[in-house]
Amino acid sequence: MKVGLWRIAHARSGDKADRADIGLFAYDAPTYDVLKREVTRERLAAHFSDICKGPVEIYPLDNLLALKIVLNAALQGGAARSLRMDNLGKAVAAQLLRMEIEAPSDLPRLARA
Amino acid sequence: MKSVRIGAGLGFYGDSWRPIRASIESGGVNYIASDHLAELTLAILQKDRQKDPAAGYARDCVPMLTELRPLAAARGVKFVMNAGGLNPHGAREAVSRAFREKGYRAKIAVVTGDSISERIDELQSEGEALAHMDTGADMAGVREKLLFANAYLGAAPIAEALAKGADIVITGRVADAALSLGPLMHELGWRWDDWDRLAQGLTVGHLLECSGQASGGNFGSAGEWAKVQNFLHLGYPIAEVSEDGAALLTKAPGTGGKVSFDTLRQQLLYEVHDPHAYYSPDVVLDMGTLDFDDRGNDEVRITGAGGAKRPDTLKVVAGYHDGWMGTGQIGFSWPDAYLKCETSANIIKGLAAERGWPTNDIHVEYIGYNSLLGANADPAQRDNLNECFLRMTMRTTDKRIAEGFGRLFPWLGLSGPPYAGGFHGIQRAKELLGLWPTLVRRDLIEPRVAVDVEAV
């Protein structure tokens with residue numbers, strides 16, 4: 001089934017020079033496996049095509065049930081020269097949580113709801 | 001086994017120091033590690049210093065220390081802060097003056113040597129190109145527009161200041177986590193090549209450097225954030241670190257917020273690039289082996305940080321003038337709120353074009369629709385908004401055009417679409433800044449680092 005990431009994961013984003021970086025966290029181990037499989041560089045590049053002008057990097061961290069995601073060249077050159085309202089990219093994580101992925105319906109967070 | 005407790009201070013210039021009181025009163029802290037400098041704060045401080053040579057530091061350290069010093073002195077709590085900005089001596093003078101007025105006594109240390117803005121030619125003649133570390137661009141392109149350039153120093157001068165008996169250590173630019181690592185090195189007697197322990201210390205420093213973000217603040221989630229209790233009295237995080245490197249993350253009893261595996265791992269990865277090689281001046285941290293043991297009741301034990309040898313270079317961030325931004329904003333109510341904003345945007349673009357202003361770098365956003373979510377806003381909501389604000393920004397090299405851009409908007413009130421509101425004045429031109437991250441050999445920086453302690 002199609003599931004919005006906001007239902008099964010949490011996320012925070014920040015900035016370093018022209019990079020927006022996001023930590024994406026599964027609430028449980030089965031969901032982490034799904035995130036690792038479904039949240040790919042290609043999908044992220046498409047989801048953020050409007051702002052991300054450089055390569056996308058993903059670092060999976062099994063010990064944290066987390067994906068570290070880096071969007072290069074995503075902040076119009078950096079927070080202090082950006083014309084955007086969200087010049088620091090703080091809501092980039094919220095944008096990520098809007099992504100929909102294919103997930104089994106028996107994930108713990110979905111079964112609970 | 002010996003241990004030391006470090007409490008988070010501020011997370012940025014302008015943050016609140018109110019929660020620090022609880023950390024001192026009931027959190028049992030020995031140190032407060034206070035981070036006043038975001039990447040761009042030095043640009044603000046540079047403008048201050050241009051107006052007044054005695055300025056150039058984060059001014060909030062003066063009322064903060066004046067308020068907290070009596071409480072801290074009674075309990076032997078020390079402060080380590082990078083509030084010195086571009087003028088650490090100026091910060092100490094201001095704090096000393098305030099202390100003398102109150103009759104407070106303290107030994108205050110100052111750490112200097114991070115600024116390289118006067119040393120660019122010298123460093124380049126030593127073979128340091130100072131090329132942009134991400135793009136490889138030549139510094140010559142921004143050389144004449146530089147506003148500041150500072151190296152991130154490590155924990156050693158802070159530990160030295162504490163060894164000299166300082167109650168308060170005021171630095172300029174240091175790695176944010178060094179504000180915690182300095183006291184740990186001083187107290188726990190770790191060797192400077194004990195990479196795994198240093199990595200534990202770096203982990204702790206990184207978790208504490210953004211104040212409330214490790215204890216339930218900005219807990220990025222749908223719904224779960226609302227389960228964080230008592231934001232009003234949110235406690236800042238506290239770390240108790242043992243000689244063996246193990247760290248217990250917690251907060252003062254009775255405060256609001258939440259310290260858990262979830263809140264801490266969000267902060268751990270915050271503004272990190274490669275989590276297997278998180279660089280600091282003192283050690284390179286691998287987060288992939290960290291173990292978080294969430295014991296409930298706002299207590300999480302952290303072990304397992306992997307450390308690798310410190311780099312031979314220090315990171316420098318310089319800032320340079322990068323043009324001007326003009327801004328205008330106007331709001332409209334239903335009906336057709338979005339359409340009226342869009343129509344207004346086209347009118348403004350037309351007015352700018354008629355004046356011969358550059359229109360190729362105008363950014364249009366709709367507050368209430370897509371100003372934060374961008375292209376990931378839900379288009380189904382666009383045409384049924386209760387209200388919507390148009391925000392337009394433009395980039396130009398000409399300050400006068402940036403000033404004029406905001407003046408285009410008031411005319412819309414009587415001669416544009418109906419039901420405009422929320423117009424409260426014209427926004428001034430804003431100076432834009434580019435950041436220039438680069439690397440410099442540490443042996444060219446560290447011999448110039450100085451620590452001096454003075455009693456008030």
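**Exercises: a helix in chain B and the B–A interface**

Helix α7 of chain B, residues 178–188, is mostly covered, with nine of its eleven residues buried (under 20% relative accessible area, 1.4 Å probe, protein chains only). Helices here are DSSP runs of H or I, at least four residues, and strands are E runs of at least two, numbered from the N terminus. This is a predicted model: local features need pLDDT of at least 70, side-chain atom pairs need 80 or more, and totals for chains and interfaces use all residues. Residues count from 1 along each chain, chains are lettered from A, and side-chain values use heavy atoms, without hydrogens and water.

**Exercise 1.** Find which residues of α7(B) are buried, then check what follows the helix.

*Solution.*
1. The buried set runs through B:Ala178, B:Leu179, B:Ser180, B:Leu181, B:Gly182, B:Pro183, B:Leu184 and B:Met185, plus B:Leu188.
2. Next up is B:Gly189, with a positive phi near 65°.

**Exercise 2.** Work out how chain B meets chain A, starting from contacts.

*Solution.*
1. Counting heavy atoms within 4.5 Å as contact, 54 residues of chain B touch 45 of chain A.
2. The buried area (accessible area lost on being put together, 1.4 Å probe, summed over both) is about 4,200 Å², with 53% from carbon and sulfur atoms.
3. Look for salt bridges (Lys or Arg side-chain nitrogen within 4 Å of an Asp or Glu carboxyl oxygen): there are four. One of them pairs B:Asp134 with A:Arg19 at 2.8 Å, N to O.
4. Several elements give two or more residues to chain B's side, including β14 (313–333) and β18 (430–441). The top contributor is α9(B), with six residues.

Technical notes. Buried area = accessible area lost by both parts, 1.4 Å probe. Buried < 20%, exposed > 50% of the residue type's maximum accessible area, 1.4 Å probe, protein only.
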